[in-house]
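I sat down with this chain today and kept short notes as I went. Here they are, in the order I looked things up.

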Amino acid sequence: MLMRTDPFRELDRLAQQLMGPGTWSRPSAMPMDAYREGDEYVVAFDLPGVSADAIDIDVERNMLTVKAERRPVAKSDDVQMELSERPLGVFSRQIVLADTLDTEHIQADYDAGVLTLRIPIAERAKPRKISIGVGSDRKEISG
């Protein structure tokens with residue numbers, strides 16, 4: 001069996017414990033993947049344990065902001081916590097979107113703890129054929 005080790009994982013966990021959970025003024029980062037799939041960009045954020053109503057997505061000009069809050073689970077008085085490693089608090093990520101993306105038609109889906117945003121590529125950014133006119137036989141560019 002192949003096992004991958006990360007020597008900095010323990011340091012990250014220790015730093016998270018010392019700094020405490022993220023707050024709205026100092027949120028923690030959330031892991032994400034971003035890739036192009038056909039005529040759209042896909043951005044996926046890992047947000048396990050976060051309810052959909054605790055996620056806030058904003059776009060202002062070309063700045064995409066995703067904020068989420070993982071709240072502690074209500075426990076009864078007779079529960080004694082033995083181990084608590086799952087981070088709580090506020091998580092945030094800001095991404096500068098290219099002008100070639102259509103921010104008016106972003107789709108957001110949340111399933112199994114993964115927030116997936118699909119951002120279509122703007123029509124003006126897609127490749128198009130330009131015809132060459134000869135003499136008086138001029139043609140217009142068609143999109």
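**Entry 1: Arg86.** I started by asking whether Arg86 is buried or exposed. Its relative accessibility comes out at 58% in this predicted model, and Arg86 counts as exposed because the cut-off for that class is over 50%. Next I looked up where Arg86 sits, and found it in the loop between β5 and β6. I also checked its distance to Gly49: the two are 37 residues apart in sequence, yet their C-alpha atoms are 9.2 Å apart in space.

**Entry 2: the pocket around it.** Arg86 and Gly49 turned up together again in the lining of the second largest pocket. I noted a volume of about 190 Å³ for this pocket. Which residues line it? I wrote down Gly49, then Arg70, Arg71, Pro72, Val73 and Lys75, and finally Met81, Leu83, Ser84, Glu85, Arg86 and Leu88. Sorted by class, the lining holds five nonpolar, five charged and two polar residues.

**Entry 3: the chain as a whole.** I stepped back and went through the secondary structure. The chain has one helix and eight strands. Read from the N terminus, the order is α-β-β-β-β-β-β-β-β, with the helix leading. Buried residues make up 22% of the 143 residues. I then looked at contacts between residues at least 6 apart in sequence, and 52% of these join residues at least 24 apart.

**Entry 4: the mixed sheet.** In what order do the strands of the sheet with mixed pairing run? I read β1-β6-β5-β4, four strands in an open sheet. At its edges are β1 (28-29) and β4 (55-60), each of which pairs on one side only. A reminder to myself: strands of a sheet pair through backbone hydrogen bonds, either parallel or antiparallel. For β5 (residues 63-70) and β6 (residues 89-96) I found the antiparallel sense, with eight bridges. One position I marked there is Val66, whose bridge partner in β6 is Arg93.

**Entry 5: Arg61.** Before leaving this sheet I checked the loop between β4 and β5, where Arg61 has its place. Arg61 is not a glycine, but its phi is positive at about 55°. I also asked how accessible Arg61 is. The answer was 75% relative accessibility, so Arg61 counts as exposed.

**Entry 6: the antiparallel sheet.** The other open sheet I followed has four strands in the order β2-β3-β8-β7, with antiparallel pairing. Its edge strands are β2 (32-37) and β7, and each of them pairs on one side only. The twist from one strand to the next averages 15°.

**Entry 7: β2 with β3.** I took the pairs in this sheet one by one. β2 and β3 run antiparallel and are joined by six bridges. Ala34 has Val43 as its bridge partner in β3, while Asp33 stands opposite Ala44 in β3. The two strands form a hairpin with two residues between them, and Gly38 in the turn has a positive phi of about 65°.

**Entry 8: β3 with β8.** Moving one strand over, I counted seven bridges between β3 (residues 40-46) and β8, again in the antiparallel sense. Here the bridge partner of Val42 is Arg118 in β8. How covered is β8 (residues 114-120)? I found that strand mostly covered, with five of its seven residues buried.

**Entry 9: β7 with β8.** The last pair I looked up was β7 (residues 107-111) with β8, which run antiparallel with five bridges. Asp109 is matched with Thr116 in β8 as its bridge partner. This pair also makes a hairpin with two residues between the strands.

**Entry 10: Ala112.** I finished at the turn of that hairpin, in the loop between β7 and β8, where Ala112 is found. Ala112 has a positive phi of about 55° although it is not a glycine. Buried or exposed? With a relative accessible area of 73%, Ala112 is exposed, because over 50% is what that class asks for.

Methods:
Residues are numbered from 1 along each chain as its sequence is written. This is a predicted model: local features need pLDDT of at least 70, side-chain atom pairs count only at pLDDT 80 or more; totals for chains, interfaces and linings use all residues. Side-chain values use heavy atoms; hydrogens and water are left out. Buried means under 20% relative accessible area, exposed over 50%, partly exposed in between (1.4 Å probe, protein chains only). Two strands pair if DSSP finds at least two bridges between them. On a 1 Å grid over the protein atoms alone, a cavity is a set of points where a 1.4 Å probe fits but cannot get out, and a pocket is an open set with protein on both sides within 12 Å along at least five of seven lines; lining residues have an atom within 4 Å of a point. Grid points are joined across faces, edges and corners, and a volume is the space filled by probe spheres set on the points. Ala, Val, Leu, Ile, Met, Phe, Trp, Tyr, Cys and Pro count as nonpolar, Asp, Glu, Lys and Arg as charged, and the others, Gly among them, as polar. Axes are lines fitted to C-alpha atoms, for helices over the stretch in contact, and angles run from 0 to 180 degrees between N-to-C directions. Contact means heavy atoms within 4.5 Å.
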